[in-house]
Amino acid sequence: MKGSLFLALVCCLLLAARGGEARSINDIPAAKEALLRIVSPKFYQSLTISPVDGWIVVRGNLVANHLAGARVVRSELGGKYDRLALELAHNLQIIDHTRVDTASTGRPVMVHLLIYQIADGTMAMSFAHVDGPGGNQLRYSGAAWMAVLKGDKWVTIEPSHLTPHEQRGPRMYTLAMEPANSTRSLQGNGRPPVASMSIQGGAINANHALKDR
């Protein structure tokens, strides 16, 4: 869709109440480590106490800077969001600074799609990480893909800025990964500008916009 529609998010988006079996990112392997630098710090804290309504996982092999052979390995909510998860995995760009050659052999990567029920409807967030030994210890940067469902369209929450090689699109985002002992600074990558957004028990009062592409 040409052009952009910016919608102010002015109401309080509160997650629906869940019972004692509710999951958060604390219960999802590698989520806390992978999300640490790709969402804003305050939003990250709210994610640790916010119940996840649905969790979809796609697995593929990193070849060059994209995933090959992507397939859904975990499906919930009747498969309603499997297609979206696969599309994000197919379009994901990965910038690998770990100096591991994946040109021919591939390297397993997990792409997660988390679904949240909020007062304004449905919110989705995607992130990825290397699967296997050492994957949880890598440092990830970029901006997580986030969107709110408006009617039958996903309206993406865009980062305030992008680094030179960070690509974004309606169904794509860029993830950079480096060794845990890297001396590079990862804080320069743009993240969804929701620093004061609390999706459980709080209001959104950050000056960010939703972008409909």
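Here are some notes to help you find your way around this predicted model.

1. **The overall build.** The protein has three helices and 11 strands in its secondary structure. Read from the N terminus, the elements come in the order β-α-α-β-β-α-β-β-β-β-β-β-β-β. There are 213 residues, and buried residues make up 50% of them. It also helps to know how contacts are spread along the chain: of those with a separation of 6 or more, 71% are between residues 24 or more positions apart.

2. **Helix 3 and its buried side.** A good place to begin looking is helix 3, which spans residues 82-91. Its buried residues are D82, L84, A85, L88 and A89. These residues lie on the same side of helix 3, because the arc they cover around the axis is only 165 degrees. For background, an α-helix has 3.6 residues a turn, so residues three or four places apart point the same way.

3. **What covers that side.** Which strands help to cover the buried residues of helix 3? The cover includes strand 2 (54-63), strand 3 (66-74) and strand 5. Strand 6 (121-130), strand 8 (145-150) and strand 9 (153-157) are also part of the cover.

4. **E87, a partner for R171.** Helix 3 also holds a residue that takes part in a salt bridge: the side chains of E87 and R171 meet with an N to O distance of 3.9 Å. R171 sits in the loop between strand 9 and strand 10 (174-178), while E87 belongs to helix 3, so this pair ties together parts that are 84 residues apart in sequence. E87 counts as partly exposed because its relative accessibility is 34%.

5. **A pocket beside the same pair.** E87 and R171 turn up again in the lining of the second largest pocket, together with K80, Y81, R83, L84 and W154. That pocket holds about 170 Å³ of space. Helix 3 gives the most to the lining, with three residues. One of the lining residues, L84, is also among the buried residues of helix 3.

6. **The other salt bridges.** How many salt bridges does the structure hold? There are four. One of them joins the side chains of R59 and D131, at 3.4 Å from N to O. R59 is in strand 2 and D131 is in the loop between strand 6 and strand 7 (139-142), so the bridge ties together parts that are 72 residues apart in sequence. Both partners count as partly exposed: R59 has a relative accessibility of 28%, and D131 has 27%.

7. **A small network.** R23, R74 and E76 are linked in a network of salt bridges. Within this network, the side chains of E76 and R74 meet at 2.8 Å, N to O. Is E76 buried or exposed? E76 is buried, because its relative accessible area is 16% and the cut-off for buried is under 20%. R74, on the other hand, counts as partly exposed at 32% relative accessibility.

8. **Q93 at the start of strand 4.** Strand 4 covers residues 93-96, and Q93 is found there. With a relative accessible area of 8%, Q93 is buried. The side chain of Q93 has a polar contact of 2.7 Å with the side chain of T174. Setting aside neighbours within four places in sequence, Q93 is in contact with N65, H66, H165, Q167, M172, Y173, T174 and L175.

9. **R107, a buried arginine.** R107 lies in the loop between strand 4 and strand 5 (108-118). At 16% relative accessibility, R107 counts as buried. In space, R107 is 7.1 Å from V63, C-alpha to C-alpha, although the two are 44 residues apart in sequence.

10. **L47 in helix 2.** To finish, look at helix 2 (residues 41-47), where L47 is placed. L47 is buried, with a relative accessible area of 0%. The C-alpha atoms of L47 and I25 are 6.5 Å apart, and the two residues are separated by 22 residues in sequence.

Key. Residues numbered from 1 in each chain as written. Predicted model: local features only at pLDDT ≥ 70, side-chain atom pairs only at ≥ 80, totals over all residues. Heavy atoms only, no water. Helix = DSSP H or I, 4+ residues; strand = E, 2+ residues; numbered from the N terminus. Buried < 20%, exposed > 50% of the residue type's maximum accessible area, 1.4 Å probe, protein only. Polar contact = N/O pair within 3.5 Å; in protein donor to acceptor, adjacent residues only side chain to side chain. Contact = heavy atoms within 4.5 Å. Arc of directions from axis to C-beta. 1 Å grid on protein atoms, 1.4 Å probe; cavity = no way out; pocket = protein on both sides within 12 Å on 5 of 7 lines; lining within 4 Å. Points joined across faces, edges and corners; volume = space filled by probe spheres on them.
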